[in-house]
Amino acid sequence: MSEPVFASGQTVDMTGLSRSGLLRAAEGSVISPLAVFVPADDRGVTRPVEIGPGCQIGPFAVIYGGSV
């Protein structure tokens, strides 16, 4: 299986991040469908996002790869 490829600064929604295997959301977390994720940094390094139990990600939030 190959590593997901995202361009530097490319945004993706929760579904795209989850399908790529880069979203780790704990039970009880809530993520707005209007939130966006930027999994690759300015060097093109892609990192997962971890959302803990009870966390809420609101609409228009921008979450970067490597965030916990």
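1. **Ser20.** Ser20 sits in the loop between H1 and E1. Its side chain reaches back to the backbone oxygen of Leu17, at 2.7 Å. Ile63 is 43 residues away along the chain, and the C-alpha atoms of Ser20 and Ile63 are separated by 16 Å. Note that this is a predicted model.

2. **Overall make-up.** The protein has one helix and six strands. From the N terminus, the order is α-β-β-β-β-β-β. The radius of gyration is 11 Å, close to the 11 Å from the globule rule for 68 residues, so the protein is as compact as a globular protein of that length. The C-alpha trace spans about 30 × 25 × 20 Å along its principal axes.

3. **Burial and surface.** Of the 68 residues, 26% are buried. The accessible surface comes to about 4,400 Å². Carbon and sulfur atoms account for 54% of that surface.

4. **Contacts across the sequence.** Take the contacts between residues at least 6 apart in sequence. Of these, 62% join residues at least 24 apart. Several of the points below give individual examples of residues that meet across the sequence.

5. **The nonpolar core.** The largest nonpolar core holds 13 residues. Which of them touch the most other members? They are Leu17, Leu23, Ile31, Phe37, Val49, Ile51 and Ile57. Leu17 also appears in point 1, where its backbone oxygen is the partner of the Ser20 side chain.

6. **Val49 up close.** Val49 is one of the core residues just named. Set aside its neighbours within four places in sequence. Val49 is then in contact with Leu17, Leu22, Leu23, Arg24 and Phe37. Its contacts also include Ile63, Tyr64, Gly65 and Ser67. Among these partners, Leu17, Leu23 and Phe37 are on the list of core residues that touch the most other members.

7. **Salt bridge Arg24–Glu50.** How many salt bridges does a search of the whole structure find? There are two. One pairs Arg24 with Glu50, with the closest N and O atoms 3.7 Å apart. Arg24 lies in strand E1 (residues 23-25) and Glu50 in strand E4 (residues 49-51), so the pair ties together parts that are 26 residues apart in sequence. Arg24 is partly exposed, at 45% relative accessibility. Glu50 is partly exposed too, at 36%. Arg24 also touches Val49.

8. **Salt bridge Arg47–Asp41.** The other pair is Arg47 and Asp41, with the closest N and O atoms 2.9 Å apart. Arg47 has 36% relative accessibility and counts as partly exposed. Asp41 has a relative accessible area of 22%. Buried means under 20%, so Asp41 falls into the partly exposed class.

9. **Gln10.** Gln10 is in the segment before helix H1 (14-19). Buried or exposed? Neither label fits: Gln10 is partly exposed, with a relative accessible area of 33%. Its side chain reaches the backbone nitrogen of Ala7 at 2.9 Å. Beyond residues up to four places away in sequence, Gln10 touches Phe37, Val38 and Pro39. Gln10 and Phe37 are 27 residues apart in sequence, yet their C-alpha atoms are 8.3 Å apart in space. Phe37 is also a contact of Val49.

10. **Ser32.** Ser32 lies in the loop between strand E2 (30-31) and strand E3 (36-38). Is this loop residue buried or exposed? Ser32 counts as buried, at 11% relative accessibility. A polar atom of the Ser32 side chain lies 3.0 Å from the backbone nitrogen of Leu34. Leaving out residues up to four places away in sequence, Ser32 touches Ile57, Gly58 and Pro59. Ile57 is one of the core residues named in point 5.

11. **Phe60.** Most residues other than glycine have a negative phi. Phe60 is not a glycine, but its phi is positive, about 70°. Where does Phe60 sit? Its place is in the loop between strand E5 (56-57) and strand E6 (62-64). Phe60 is exposed, with a relative accessible area of 66%.

Note on methods. Residues numbered from 1 in each chain as written. Predicted model: local features only at pLDDT ≥ 70, side-chain atom pairs only at ≥ 80, totals over all residues. Heavy atoms only, no water. Helix = DSSP H or I, 4+ residues; strand = E, 2+ residues; numbered from the N terminus. Buried < 20%, exposed > 50% of the residue type's maximum accessible area, 1.4 Å probe, protein only. Contact = heavy atoms within 4.5 Å. Polar contact = N/O pair within 3.5 Å; in protein donor to acceptor, adjacent residues only side chain to side chain. Salt bridge = Lys/Arg side-chain N within 4 Å of Asp/Glu carboxyl O. Core = buried A, V, L, I, M, F, W, Y, C linked by side-chain atoms within 4.5 Å. Rg over C-alpha atoms; globule rule 2.2 N^0.38 Å. Areas by Shrake-Rupley, 256 points an atom, 1.4 Å probe, with all protein chains shown as cover.
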